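Thanks for coming. I will talk through one structure and keep to what can be read from its coordinates.

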Amino acid sequence: MSSTALLRSLLEQRFPDATPVTHRTAEPVATGIDQLDSILPNGGLPRGRLSVWLPQGGATAILRAACLTVASGGERAAWIDGLGTIAGQFWQEGPILVRPANRKNSLRAAEELLRCGGFSLIVLSGSEPAGTEMVRLSRAAREGGSAFVALTSHTSMASIRLVSKILPHSYSWRRSPFGEPAEACSATVKVRAQSLGWNKATEFSVPVVPFDVRSALEEGLPDRRGLKPIKSVRNPIP
């Protein structure tokens, strides 16, 4: 049995109730955000194609919501976290969170998961593919029929290019007893989607949810400054 067939078999055993991905199906993958789906072709991310997202603010939250939408609909979604910046507590049940050890393994994992045809949506972050790597991943997405989104500034081979940013003056604040801004409640994100001869944009509000657990990081994950935590060494008992 080939590695691709073995991976498909393992996925079927792990998720027996999931809807199988129809090979080369034309139906797009809806993100669950109506304003965003309205500017995407046919109402969602195209299957079997590479979409490139330039992360300038709000991309992680939007794509995480898309993964949760896919999983809640009975299909499979995977997020490949190349930098190890997403804590496990921050990730809800449903989508698969993959944390490869290095960039090379991230790209290998993306190619294998795309080629197996077991996922409706796959997101790659923290490991920017370029050159022939983009060609291989695009080909794997076409073979497996998955919607593939890479958070990268390299746009070659991309069928859709998306860029998002948080509008700086759009925050709404919860006030302190003294009437001063104390905690952000929501913000407006602007997303622009582009392709050959096609350009659309939309704006929508997203909630700002505090997550205190991120300050207590899992072992091996970098903190918010991007530094790897130092592992403590216990002194042997004499």
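Searching the whole structure for salt bridges turns up six. Keep in mind that this is a predicted model. I will go through some of these pairs before moving to the rest of the protein.

Start with Arg47 and Glu75, whose closest N and O atoms are 3.3 Å apart in a salt bridge. This pair links distant parts of the chain, with the two positions 28 residues apart in numbering. Arg47 belongs to the loop between helix 2 (34-37) and strand 1 (50-56), and Glu75 to the loop between helix 3 and strand 2. Are the two partners buried or exposed? Arg47 has a relative accessible area of 15%, so this arginine is buried. Glu75 has 23%, so the glutamate counts as partly exposed. The cut-off that separates them is 20%, since buried means under that value.

Next is Glu111. Which residues does Glu111 meet in salt bridges? One is Arg115, with the closest N and O atoms 2.5 Å apart. Both of these residues sit in helix 4, residues 103-116, and they are four residues apart, about one turn of the helix. Another partner is Arg136, at 2.8 Å from N to O. Here the pair ties together parts that are 25 residues apart in sequence, because Glu111 lies in helix 4 and Arg136 in helix 5, residues 132-144. With Glu143 added, salt bridges that share partners join Glu111, Arg115, Arg136 and Glu143 into one network.

The accessibilities in this network vary. Glu111 is at 11%, so this glutamate counts as buried. Arg115 is partly exposed at 21%, and Arg136 is partly exposed at 45%.

Now the overall layout. The protein has five helices and nine strands. Read from the N terminus, their order is α-α-β-α-β-β-α-β-α-β-β-β-β-β. The chain has 238 residues, and 39% of them count as buried. If we take contacts with a separation of 6 or more, 65% are between residues 24 or more positions apart. The exposed area is about 13,500 Å², and carbon and sulfur atoms supply 52% of that.

On to the inside. The largest nonpolar core holds 27 residues, and the ones that touch the most other members are Leu36, Trp53 and Leu121. Which elements each supply at least two residues of this core? They are helix 3 (59-72), strand 2 (77-81), strand 4 (121-125), strand 5 (147-151), strand 6 and strand 8 (181-195). Helix 3 gives the largest share, six residues. Another core lies apart from this one, with 21 residues, including Leu113, Phe119, Leu124 and Ala140.

Leu121 deserves a closer look. Leaving out residues up to four places away in sequence, Leu121 touches Val29, Leu45, Ala66, Cys67, Val70, Arg76, Ala77, Ala78, Ala147 and Val149.

Strand 4 also holds Ser125. At 9% relative accessibility, Ser125 counts as buried. Which residues does Ser125 touch, not counting residues up to four places away in sequence? They are Trp79, Ile80, Asp81, Gly82, Leu83 and Leu151.

Last, strands 7 and 8 and the surface. How do strand 7 and strand 8 run relative to each other, and how many bridges join them? The two strands run antiparallel, and four bridges join them. Opposite Trp173 stands Ala184, which is in strand 8. The hairpin these strands form has five residues between the strands, and within the hairpin Gly179 takes a positive phi near 80°. As general background, side chains in a regular strand alternate between the two faces of the sheet.

Trp173 comes up again on the outside. Together with Ile166, Tyr171 and Val208, Trp173 makes a nonpolar surface patch of about 330 Å². Tyr171 is placed in the loop between strand 6 (160-166) and strand 7 (172-175). Its relative accessible area is 33%, so Tyr171 is partly exposed.

To recap, the points to find in the viewer are the network of Glu111, Arg115, Arg136 and Glu143, the 27-residue core with Leu36, Trp53 and Leu121, and the patch of Ile166, Tyr171, Trp173 and Val208.

How values were computed: Residues are numbered from 1 along each chain as its sequence is written. This is a predicted model: local features need pLDDT of at least 70, side-chain atom pairs count only at pLDDT 80 or more; totals for chains, interfaces and linings use all residues. Side-chain values use heavy atoms; hydrogens and water are left out. Buried means under 20% relative accessible area, exposed over 50%, partly exposed in between (1.4 Å probe, protein chains only). Contact means heavy atoms within 4.5 Å. Accessible areas come from the Shrake-Rupley method with a 1.4 Å probe; for residues, only the protein chains shown count as cover. Patches are made of residues with over 30% relative accessible area and no salt bridge: like charges are joined within 9 Å, nonpolar side chains (Val, Leu, Ile, Met, Phe, Trp, Tyr) within 5 Å. A salt bridge is a side-chain nitrogen of Lys or Arg within 4 Å of a carboxyl oxygen of Asp or Glu. A nonpolar core is a set of buried Ala, Val, Leu, Ile, Met, Phe, Trp, Tyr and Cys residues joined through side-chain atoms within 4.5 Å. Two strands pair if DSSP finds at least two bridges between them.
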